[in-house]
Amino acid sequence: MKELKKGYNIVGLSQGTLIGRGIVEFCEGAPPVNNFISIGGPQAGIASVPHHTYTNISAVRGIANNILRAGVYSDYAQNQFAPSGYTKIPENMKGYLKSCKFLPKLNNERPDDRNPVYKRRFTGLKNLILIMSENETIIKPKESSWFGFYKDGNTKKILQPRQTKLYIEDWIGLKALDKAGRVKFIKVAGVHIELSDVDTKKYVVPYLQKKWRRVMESGDTEAEHGGAEAVTTTTTTRNLNGVREYSNKLEIIKEGNM
């Protein structure tokens with residue numbers, strides 16, 4: 001696509017961020033992705049099956065969660081229920097690595113099946129913006145939005161992103177991007193994928209402009225960031241307030257609903 005030859009941006013919400021990252025890592029020969037913005041994305045997985053906030057019957061959620069946890073790595077669940085592809089039960093890492101079909105591949109987690117191409121493509125990003133909600137209700141643990149996760153074997157100890165093996169051994173290039181100053185770990189108020197107009201303008205919009213700005217995590221300093229122009233932007237979301245108003249080169253594609 002000649003329109004994308006100079007690259008484009010991806011803005012993802014929730015599990016749509018994993019779809020977007022799959023485009024970055026798996027699509028060899030595709031146009032380059034310049035800026036990747038992840039809003040509430042389960043980058044390191046989820047430790048329990050997600051529920052929507054409009055599901056108010058806790059007993060039903062509990063029963064469904066128990067059933068899915070027991071068989072989440074079955075062929076049926078993996079083929080029929082999208083969240084099973086990124087459900088990582090800390091007490092069953094063996095089952096996760098063996099039978100989970102999507103996230104172990106995306107994160108290069110299988111020791112005997114790591115693909116250097118995925119790392120090369122991921123480290124080609126100009127900027128990686130990881131946005132976590134302070135009062136996250138869907139992603140467990142919320143630190144997964146930053147690539148953090150529970151320590152293998154328990155759900156009490158949470159490893160921050162730079163403490164994980166994925167980062168330390170640099171399976172996908174997250175450490176390389178971070179060391180180059182191209183990763184922003186951003187925390188915002190609100191619940192799952194609830195981003196205010198102010199935060200959208202501050203943390204998202206600058207990266208959708210032809211000359212985007214590097215927005216520092218503190219929010220106090222902004223500096224012009226050169227590089228290839230962003231020709232278009234792909235958003236895997238239902239609605240992102242403020243983006244349409246500030247970017248006239250926005251293409252909306254269907255969100256991957258959780």
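In this short talk I will go through a few local features of the structure above, from one helix and its surroundings to a pocket, a strand and some backbone details.

What we have is a predicted model, in which local features need pLDDT of at least 70 and side-chain atom pairs count only at pLDDT 80 or more, whereas totals for chains, interfaces and linings use all residues. Residues are numbered from 1 along each chain as its sequence is written, and side-chain values use heavy atoms, with hydrogens and water left out.

Let me begin with helix α1, residues 16-26, which is mostly covered, since eight of its 11 residues are buried. Buried here means under 20% relative accessible area, exposed means over 50%, and partly exposed is what lies in between, with a 1.4 Å probe and protein chains only. Helices (H or I, at least four residues) and strands (E, at least two) are DSSP runs numbered from the N terminus. Among the buried residues of α1 are Thr17, Leu18 and Arg21, and these three also appear in the contacts of Gln43, where contacts with neighbours within four places in sequence are set aside. Contact means heavy atoms within 4.5 Å.

Gln43 itself sits in the loop between β2 (33-39) and α2 (58-71), and this residue is buried, at a relative accessible area of 1%. Its side chain makes a polar contact with the side chain of Thr17 at 3.1 Å; such a contact is a pair of N or O atoms within 3.5 Å, where within protein one must be able to donate a hydrogen and the other to accept it, and residues adjacent in sequence count only if both atoms are side-chain atoms. The contacts of Gln43 further along the chain include Leu103, Asn107, Leu130 and Phe147.

Turning to the strand β6, residues 183-188, we find Val188 there, buried with a relative accessible area of 4%. Not counting residues up to four places away in sequence, Val188 touches Ile131, Met132, Ser133, Glu134, Leu195, Asp199 and Tyr203. The C-alpha atoms of Val188 and Glu136 are separated by 9.9 Å, with their positions 52 residues apart along the chain.

Next, the cysteines. How many disulfides does the structure hold? The answer is zero, a disulfide being a pair of cysteine sulfur atoms within 2.5 Å. Cys27 is partly exposed, because its relative accessibility is 34%, whereas Cys100 is buried, at 0%.

I would also point to the backbone. Lys140 and Pro141 are joined by a cis peptide bond, with omega about 0°, and Pro141 lies in the loop between β3 (127-133) and β4. Asp170, in the loop between α7 and α8 (174-179), has a phi near 55°, a positive value in a residue other than glycine, and Asp170 counts as buried because its relative accessibility is 11%. Ile193 is not a glycine either, yet has a positive phi of about 50°, and its place is in the loop between β6 and α9 (197-203).

Finally, by class, the lining of the largest pocket has nine nonpolar, three polar and five charged residues. Here Ala, Val, Leu, Ile, Met, Phe, Trp, Tyr, Cys and Pro count as nonpolar, Asp, Glu, Lys and Arg as charged, and the others, Gly among them, as polar.
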